[in-house]
Amino acid sequence: MRNRTLHPALPGPGLKFLLLVGLLSLPMSACWESPSGPAAAPPGRVLIIAVDGATFRVIGPMMKSGQLPNFQALAQQGASGAIRSHQPLLSPRVWTSVATGKAPPNHGIENWIQKDGTGGVRLYTSLDRKGHALWNIVSESKEDVGVVNWLMTHPPEKIQGVMISDFAFPSISERRLDLAQSFGEKMVGVTDVAVRRPEDFEAGVVYPASWATRFSSWLDEPAPLTRIKNPFEAESLQESEETQEYLAQVFRNDVLSARAALAIEEELRPSLLMVYLPGIDRVSHFIWAGQEPRSIYPESMRLSLEEHRRQHQALRDYYAHVDELIGLLSENYGPNDLVIVLSDHGFEAGGQPDSQNPLPGIHESDRALNGIFFARGRGVPAGYRVKASEISVNDITPTVLAWRSLPIARNMQGKPVDFIQTKPLRFRPSYDGSPIERVKEEKPATEKEILEQLKSLGYVSETCDPDDTTMACGGPALEEAP
Ligand SMILES: [Zn+2]
């Protein structure tokens, strides 16, 4: 299945229209206000921007020359420095540690794929995560949460707020299967490399379904969010056209991720917003050689001077683009809030060249162990330089909990960092008792859910039967629904 679409979670076009009209004509506050009202969130709101693979090796020099004003502002107004990750540097395990406060054996997501016990492999999914993530904890305290594109969030979880899973993004599920296949081929004890699709692979990709409709409307949105042009649409940086198009899509997906987060921010003003931007990592795997001196490579493999210049510039343009996205995403967050920007590891030269990628960038050795960390807001000292080993990826969730005056779970391996001021710490054994509900493959139920929403908002008559296809009850769209 190569061209997976959003359709499993989407209502028919007529119903989409009705829903859109309904939402647009309602005052926003009436639409999405949390039951307890805006006054219920006095401790300040939290924004976490996850920038996979971002490193000070690029950010450092660019900040010095004034090319990353938003990173610069974060460093001046708050804390900045290296964050310690853990080996092996595989993004799903690290980002799940960030989101849970737990080490990988404790949260259960150890890799992209796992052996399925019959000689084959299967993808990890959100169903494999043991226990609660930060978004479950805040959602259970009856506050709105937004989660966009976070790794291993498919199938999405029914939180109070919006979860746009990583599989909502174009070509990601297919890419994940391809990746699983190539990892499976190298795994000891795997005899059948055909990747098994996990349970609920075909589930809806966005929760609630009404946001799937809005999300799909942005897929072809041409308006750029920043002044930076997509460097992979502008000129040829890769010999392979397929790779070039993949990298162009990576850039578009980061824009989509930011666009979705901005929409959630505008409508919900959630207590917690977590947005994942994978682009820097994905692109660095292909054009990292432009950041290294040409002389580290054997002469026969070196980029030409012109190729080196172009790849160097393209990655720096990408960082400048992410810097602007950070500015846009964080502009609503004031001194009483907490903004965190971090990465899961750095980058280094090396790896096995292949036909698609003769000079790959990688993150394997301890040279790539440290990611970036920036935080500003209430309780964060301005201009603070984070000391070596002062913060690890496991510490983000406990730090945010402490900052929000919520108890820290004793079954978390991380701890709140000392340099961010919090109220006296409270503890509890665990958050993991309550069940986590996830989106399943239930199209008719999902559509019914949307009708119920419309009814509750007063756009569809209470007397409508779900099977009634007259205009007053949802219009001709329902005829298209199965
Ligand atoms: Zn990577």
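**Zinc site**

I started with the geometry around the zinc ion in this predicted model. The four donor atoms there subtend angles of 56 to 151°, so I put the arrangement down as irregular. To count as tetrahedral, four donors would need all their angles between 85 and 135 degrees.

Which protein atoms are the donors of the zinc ion? I found Asp281 listed twice through OD atoms, along with His285 (NE2) and His363 (NE2). They lie 2.0 to 2.5 Å from the zinc ion.

I then looked up how the donor residues are spaced in sequence, and the pattern is D-x3-H-x77-H. Aspartate 281 and histidine 285 both sit in helix H12, and because they are four residues apart, about one helical turn separates them.

**H12 and its neighbour H11**

Since two of the donor residues brought me to H12, I checked what packs against this helix. H12 covers residues 279-287, and H11 covers residues 241-268. Their axes come within 9 Å and cross at roughly 160°. I therefore noted the pair as roughly antiparallel. The crossing of H11 past H12 is left-handed.

Which residues make this contact? From H11 I have Thr243, Tyr246, Leu247, Val250 and Asp254. From H12 I have Gly279, Ile280, Arg282, Val283 and Phe286. Sorted by class, the contact of H11 with H12 has six nonpolar, two polar and two charged residues.

**H12 and H13**

Next I looked at H13, residues 305-330. H12 and H13 pack at an angle of about 175°, and their axes are 11 Å apart. That makes H12 roughly antiparallel to H13.

On the H12 side, I wrote down Gly279, Ile280, Val283, Ser284, Phe286 and Ile287. On the H13 side, the contact residues are Gln311, Ala314, Leu315, Tyr318, Tyr319 and Val322. How do they divide by class? I get nine nonpolar, three polar and no charged residues for the contact of H12 with H13.

**H9 against H11**

I went back to H11 to look at its contact with H9. The axes of H9 and H11 come within 10 Å and cross at roughly 135°. The two helices are therefore oblique to each other. Is their crossing left-handed or right-handed? My note says right-handed.

H9 brings Trp211, Arg214, Phe215 and Trp218 to the contact. They meet Leu256, Arg259, Ala260, Ala263, Ile264, Glu267 and Leu268 of H11. The residues of this contact split into eight nonpolar, no polar and three charged.

**Backbone oddities**

I finished with a look along the backbone. Where do cis peptide bonds turn up? One runs from glutamine 87 to proline 88, with omega near -10°. I placed proline 88 in the loop between strand S2 (79-84) and helix H5 (91-100).

Another cis peptide bond joins tyrosine 207 and proline 208, where omega is about -5°. Proline 208 belongs to the loop between strand S8 (206-207) and helix H9 (209-218), and H9 is the helix I had just followed against H11.

My last entry is lysine 142. This residue is not a glycine, yet its phi is positive at about 65°. I found lysine 142 in the loop between helix H7 (134-140) and strand S5 (145-148).

Terms used:
Residues are numbered from 1 along each chain as its sequence is written. This is a predicted model: local features need pLDDT of at least 70, side-chain atom pairs count only at pLDDT 80 or more; totals for chains, interfaces and linings use all residues. Side-chain values use heavy atoms; hydrogens and water are left out. Axes are lines fitted to C-alpha atoms, for helices over the stretch in contact, and angles run from 0 to 180 degrees between N-to-C directions. Angles under 35 degrees count as roughly parallel, over 145 as roughly antiparallel, 65 to 115 as roughly perpendicular and the rest as oblique. A crossing is left-handed if the near helix is turned anticlockwise from the far one by less than a right angle, and right-handed if clockwise. Contact means heavy atoms within 4.5 Å. Ala, Val, Leu, Ile, Met, Phe, Trp, Tyr, Cys and Pro count as nonpolar, Asp, Glu, Lys and Arg as charged, and the others, Gly among them, as polar. Donors are N, O and S atoms within 2.8 Å of the metal (3.2 Å for Na, K and Ca); water is not among the atoms, so sites may look incomplete. Four donors count as tetrahedral if all angles lie between 85 and 135 degrees; four count as square planar and six as octahedral if opposite donors are over 155 degrees apart and all others between 65 and 115; anything else is irregular.
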